[in-house]
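The following exercises introduce a structure step by step. Please read each task, attempt it with the sequence and the model at hand, and then compare the worked solution.

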Amino acid sequence: MNNRPVNIDFRTIRMPMTAILSILHRISGVLLFLGMPILLWMFGRSLGSTADFQDLQLLLDNILFKLIFFGILAALIYHIIAGTKHLLMDLGIGETEQGSKIASRMVLVASLISIIILGVKLL
């Protein structure tokens, strides 16, 4: 019989920031996968004809579509920044616990600033 303590109450588990950002990186990857057909459709429409391009511009004036587009681009921004951190760690940069904490904070700050700038420009 296994007498190890089992804690399945997620409200009481305190995950480190590095773990949370890693999970967010995976979530942003899934969002990009799901959003890619939308981006490809938009790209195709923008190159189709002048009328298709103007229709796409009108569609981007719709707040719901603008929010969807913002969400996809925000996921892309975060995924690129967090992915760069992961690549640097693969090269041996920032592999220590302290380096990982600093890099995680840098990813969070850079992502938030970039996404806020995107939001100001887009919305």
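Two residues are in contact when heavy atoms of theirs lie within 4.5 Å. Helices are DSSP runs of H or I with at least four residues, numbered from the N terminus. The model is predicted, so local features need pLDDT of at least 70 and side-chain atom pairs count only at pLDDT 80 or more, while totals for chains, interfaces and linings use all residues. Residues are numbered from 1 along each chain as its sequence is written, and side-chain values use heavy atoms, with hydrogens and water left out.

**Exercise 1. Helix α1**

Task: Determine which residues of α1 are buried, and what covers them.

Solution. Step 1: Apply the cut-offs, by which a residue is buried under 20% relative accessible area, exposed over 50%, and partly exposed in between (1.4 Å probe, protein chains only). Step 2: In α1 the buried residues are Leu21, His25, Ser28, Leu32, Gly35 and Met42. Step 3: The cover over these buried residues includes α2 (50–60), α3 (63–90) and α4 (97–122). A general rule helps in reading such lists: an α-helix has 3.6 residues a turn, so residues three or four places apart point the same way.

Task: Compare the length of α1 with its expected span, and locate its kink.

Solution. Step 1: The expected span is 1.5 Å times one less than the number of residues. Step 2: For the 32 residues of α1 this gives 46 Å, and the distance from the first C-alpha to the last is 44 Å, which is close to it. Step 3: The kink, of about 40°, is at Gly35, shortly before the proline Pro37. The bend at a residue is the angle between axes fitted to the seven residues ending there and the seven starting there.

**Exercise 2. His25 and the largest cavity**

Task: Is His25 buried or exposed, and which residues does His25 touch?

Solution. Step 1: His25 lies in helix α1, which runs over residues 17–48. Step 2: Its relative accessibility is 15%, and therefore His25 counts as buried. Step 3: Leaving out residues up to four places away in sequence, His25 touches Tyr78, His79, Ala82, Gly83 and His86.

Task: State how many cavities of 30 Å³ or more there are, and describe the lining of the largest cavity.

Solution. Step 1: On a 1 Å grid over the protein atoms alone, a cavity is a set of points where a 1.4 Å probe fits but cannot get out, and lining residues have an atom within 4 Å of a point. Grid points are joined across faces, edges and corners, and a volume is the space filled by probe spheres set on the points. Step 2: The count comes to one cavity of 30 Å³ or more, and the largest cavity has a volume of about 30 Å³. Step 3: The lining of the largest cavity consists of Leu21, Ser22, His25, Tyr78, Ala82, Lys85, His86 and Val107. Step 4: Helices α1 and α3 each supply at least two of the lining residues, and the largest share, four residues, comes from α3.

**Exercise 3. Helix α4 and its partners**

Task: Identify the buried residues of α4 and the helices against which they pack.

Solution. Step 1: The 26 residues of α4 should span 38 Å at 1.5 Å a residue, and the end C-alpha atoms are 37 Å apart, which agrees. Step 2: Gly99, Ser100, Ala103, Ser104, Val107, Ser111, Leu118 and Gly119 are buried in α4. Step 3: These buried residues pack against α1 and α3. Step 4: Ser100, found in α4, is buried with a relative accessible area of 10%. Beyond residues up to four places away in sequence, Ser100 touches Thr18, Met89 and Gly94.

**Exercise 4. Residues apart in sequence**

Task: Describe the surroundings of Met17 and Ala75.

Solution. Step 1: Met17, in helix α1, counts as partly exposed at 34% relative accessibility. Setting aside neighbours within four places in sequence, Met17 is in contact with Ser104, Arg105 and Leu108. Step 2: Met17 and Gly99 are 82 residues apart in sequence and 12 Å apart in space, C-alpha to C-alpha. Step 3: Ala75, in helix α3, is buried with a relative accessible area of 5%. Apart from residues up to four places away in sequence, Ala75 touches Ser28, Leu31 and Leu32.

Notes. 1 Å grid on protein atoms, 1.4 Å probe; cavity = no way out; pocket = protein on both sides within 12 Å on 5 of 7 lines; lining within 4 Å.
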